[in-house]
Amino acid sequence: MMRTLLDGPSALLTSAVRRVSEGDLAAARAQMGFSLAWHIIVACLGVGLPALTLLAEWYGIRTGNPAHRLLARRWARAMGVLFAVGAVSGTILSFEMGLLWPGLMGTFGQVIGLPFALEGIAFFVEAIFLGIYLYAWDRMSPRRHLLTGIPIVVAGTASAFFVVCANAWMNQPCGFTLRHGKVVAVDPWAAMLNPASPPETVHMILAAFMVASFLTASVYAVAMLRGRHDAYHRAGFFIPFTLGAIVTPFQIFVGDWAARFLSDYQPAKLAAIEGVYQTGSHVPLTIGGVAGDNGLKYGLEIPNGLSLLVGYSPGTVIQGLDQVPRSQRPPVTGVHWAFDLMVGIGFFLLAMGAWLLWVWWRRRVHGGELSLPRPFLLLAAIGGPAAVVALESGWTVTELGRQPWIVWGVMSVRDAVNPAPGLMVGLWLVLFVYAAMTIATVYVLRRLARGTPVPLAPQEEDVTGYPVV
């Protein structure tokens, strides 16, 4: 499964002399990082929002409540807008892969082309069934229409899986042989199903459902704080928040699995995440802190914490950054703080789910209507943006923790970047395009939320009379 390096990674890197200015290298990294950070939010909504829409529609069919049918129709329209925007940002990313990183794609395109091709197929399947779902509400029976939404969820999840497999390969490159600086004996399936694929894909897909759920719930939490406690807004809050609360504990276990994976396969990244400079046992777990010459300063240390988490024993040996040349060490402070932020938000969302469960249990015991206290709604309103911050922090750990490698141990970022000058111009152009897309997307979504309950069409009689203030 693993790659074979017959002449070492240096043979590949010395096959061409690349002279790239620091400014152009920084511009390329900033452009790709910004594009990914923007696209990943829309992509997560594209994975999670269809599932929420189907849940609302199913519940509406089951109970006959028009509030749930209205939620499904509104979320479906938002889903269509976000799908279109995600297609644009995804296309920009595909061009950036070739234009900014020809060293990567020119050398390894045949190795990692399979997951991108499969992602394209999943994208087209999703687009086809999204069109059917949006325009066939009353042209088929409710249950049959509900079934047309299932391929959207499956295809969206599959798209995320295939793309993240490509990223996982960059962390655990395999499925090829490197001979005299050339890639030979390519096995695309082994490359796609590399050792990092299981923990990374599961972690990302669960994160997508969490972001879509908590971000959607936060919109209705704000509305409820403003006094809108009708059935429509209550359902709009409870459906996504409940799904997010269910997913969160599983995500924490998967995150622990991913961290243990790093201890075996990418110990340098784990050392950067936890700020471990010296190899040894009885390694503490440090929360916060700033990287110094030989360790983290000003952090809160939990004695033996990291050794216990990784190997369930204080004697577990953790490899430190002293085993890594200084030129190949990731930036410790940025990676460490991003990881701490992600974990902290994850436990905050877990506590919010436990709070909701406690409120539900009290209602079951004492009877009455399920009433949410105002402090809970305030924190739930914060929970949506917080989930997005956790998502971005997780990707920062994944990408920044791999530095200076674009392909772990094989090709550096500097050797993959386009050596042509003028990359700064592309950065400014991309910033302008994404600013315009952000403004347009927010405007359209606000129009959908503040307009008539449902955009009127002849086939939509079932909810046109439903009042929503």
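**Aromatic contacts, helix α2 and an enclosed cavity**

Both W38 and Y434 are buried in this structure, which is a predicted model. Y434 has a relative accessible area of 1%, and the ring of Y434 takes part in two of the contacts described here, one with W38 and one with F34. Because the ring centres of W38 and Y434 lie 5.1 Å apart and the planes meet at 55 degrees, the pair is classed as tilted. This contact joins distant parts of the chain, with W38 placed in helix α2 and Y434 in helix α14, 396 residues apart.

A search of the whole structure returns 19 aromatic pairs. Among them is the pair of F34 and Y434, which is edge-to-face, with 5.7 Å from centre to centre and 80 degrees between the planes. This pair, too, links distant parts of the chain, since F34 belongs to helix α2 (residues 22-63) and Y434 to helix α14 (residues 423-450), with the two positions 400 residues apart in numbering. Whereas Y434 is buried, F34 has a relative accessibility of 33% and therefore counts as partly exposed, the range for which runs from 20% to 50%. The placement of F34 and W38 can be set against the geometry of the helix: an α-helix has 3.6 residues a turn, so residues three or four places apart point the same way. Elsewhere, ring pairs connect F214, F237, F238, F241, W355 and F376 into a cluster.

Helix α2, which supplies both F34 and W38, has 42 residues and spans 61 Å from its first C-alpha to its last, a value close to the 62 Å expected at 1.5 Å a residue. The helix nevertheless carries a kink of about 30 degrees at G48, shortly before the proline P50. After α2 comes G64, a residue with a positive phi, near 75 degrees.

P50 also appears in the lining of the largest cavity, together with G46, M79, F83, E126, L130 and I152. The structure holds one cavity of 30 Å³ or more, and the space in the largest cavity amounts to about 30 Å³. Two or more lining residues come from each of the elements α2, α3 (66-100) and α4 (102-135). By residue class, the lining of this cavity is made up of five nonpolar residues, one polar residue and one charged residue. Helix α2 thus contributes to the cavity lining as well as to the aromatic contacts with Y434 in α14.

Key: Residues numbered from 1 in each chain as written. Predicted model: local features only at pLDDT ≥ 70, side-chain atom pairs only at ≥ 80, totals over all residues. Heavy atoms only, no water. Phe/Tyr/Trp six-rings, centres within 6.5 Å; stacked < 30°, edge-to-face > 60°. Helix = DSSP H or I, 4+ residues; strand = E, 2+ residues; numbered from the N terminus. Buried < 20%, exposed > 50% of the residue type's maximum accessible area, 1.4 Å probe, protein only. 1 Å grid on protein atoms, 1.4 Å probe; cavity = no way out; pocket = protein on both sides within 12 Å on 5 of 7 lines; lining within 4 Å. Points joined across faces, edges and corners; volume = space filled by probe spheres on them. Nonpolar A, V, L, I, M, F, W, Y, C, P; charged D, E, K, R; others polar. Expected span 1.5 Å × (residues − 1). Bend = angle between axes of the 7 residues up to and from the residue.
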